[in-house]
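Let's take a walk through this one together, looking at its open space and its ligand. Have the viewer ready and follow along.

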Amino acid sequence: MPHIAIRNLNVQCGDHQILKDVNCDIPDGCIVAIVGPSGCGKTTLLKSLNRLLDLNEDAKIQGQVLLDGSDIYGESSDVLSLRKKVGFMAQRPYPLPMSIQDNVSFGPKIHGLPDTSHGMVERYLRLAGLWEEVKDRLDSPAAKLSIGQQQRLALARTLAVEPEVILADEPTSALDPISVKIVEHQFRLLKSQYTIVLVTHILRQARRLADHVIFMYSGELVEQGPAESFFAAPKDERTRAYLSGEIS
Ligand SMILES: Nc1ncnc2c1ncn2[C@@H]1O[C@H](COP(=O)(O)OP(=O)(O)OP(=O)(O)O)[C@@H](O)[C@H]1O
Ligand SMILES: [Mg+2]
């Protein structure tokens, strides 16, 4: 069974059909990249996977998103526990106005997890590749960190609530090249234990990271497949045009 199965997903805002009958399976233990031109619906698709679209009152959502076989839009679905299972990393970090340490333990406390100890904070800062840089100043405000460090703190915060799935919307687009490398490296290390869905408009990043690629164009899922065959032998003319830079 795929970890996430998207079935006939349609999203409409006002008169605008943003996602058009999207169908795909997302397996676990790998990185799935969603690529496509600006405005094609990548962020919308990603947000549909943990019901962040619900925050948008005029969004009309039809279809199913099955997580471990049960529909996250079904009547018995609980949004809070869904968001714990399916974490979201935004394009820019938004540290909470508190210390580095408290940023990491905040989520586990909110969700009532048993371990909010210093050891837990260290574990997730290590997993996010940030520990060595902050271990001597855990009590200082998170806002003092560089943007690249704040984004890794955001990753630590996401991991600390023990999700199964990590959704990341262009998580490196605001970062310097060295921070990009570190975040990409952490994603590679993490993928065996999580399902990672990454939106990126940087094709080179998708080539570096993705095991599986989804190409969106104008709200449609045009093509999907293992990264190797997707890049080497795209089937659809639109995919070919996108990969060759004719459409961007
Ligand atoms: N709340 C909304 N109301 C109406 N239209 C919206 C809304 N949110 C997004 N859209 C439109 O839906 C389309 C898809 O938006 P989305 O943000 O998913 O694209 P994207 O692929 O993530 O683009 P980018 O690469 O620029 O981030 C765009 O045309 C956008 O203008
Ligand atoms: Mg977007």
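**The pocket and the ligand**

Start with the lining of the largest pocket, where α2 (79-85), β6 (86-89), α3 (100-110) and α6 (147-160) each put in at least two residues. Keep in mind that this is a predicted model. The largest pocket has a volume of about 780 Å³. There are 26 residues lining it, and Gly87, Phe88, Met89, Arg157 and Thr158 are the closest to its centre. Sort that lining by class and you get 14 nonpolar, 8 polar and 4 charged residues.

Now swing over to ligand 1. It has 13 residues around it, and the ones that come nearest are Ser38, Gly39, Lys42, Thr44 and Asn56. Split the shell by class and you find 4 nonpolar, 7 polar and 2 charged residues.

Which atoms of ligand 1 do the side chains of Ser38, Thr44 and Asn56 approach? For Ser38, a side-chain N or O atom sits 2.6 Å from an oxygen atom of ligand 1. Thr44 also goes for an oxygen atom of the ligand, with a polar side-chain atom 2.5 Å away. With Asn56, the partner is a nitrogen atom of ligand 1, 2.7 Å from an N or O atom of the side chain.

As for how much of the ligand is wrapped up, on its own ligand 1 has 640 Å² of accessible area, and the protein covers 61% of that. Two elements, β2 (16-26) and α1 (42-48), give two or more residues to the shell. The largest share comes from α1, with 3 residues.

Notes
Residues numbered from 1 in each chain as written. Chains lettered and ligands numbered in written order. Predicted model: local features only at pLDDT ≥ 70, side-chain atom pairs only at ≥ 80, totals over all residues. Heavy atoms only, no water. Near = heavy atom within 4 Å. Polar contact = N/O pair within 3.5 Å; in protein donor to acceptor, adjacent residues only side chain to side chain. Areas by Shrake-Rupley, 256 points an atom, 1.4 Å probe, with all protein chains shown as cover. Helix = DSSP H or I, 4+ residues; strand = E, 2+ residues; numbered from the N terminus. Nonpolar A, V, L, I, M, F, W, Y, C, P; charged D, E, K, R; others polar. 1 Å grid on protein atoms, 1.4 Å probe; cavity = no way out; pocket = protein on both sides within 12 Å on 5 of 7 lines; lining within 4 Å. Points joined across faces, edges and corners; volume = space filled by probe spheres on them.
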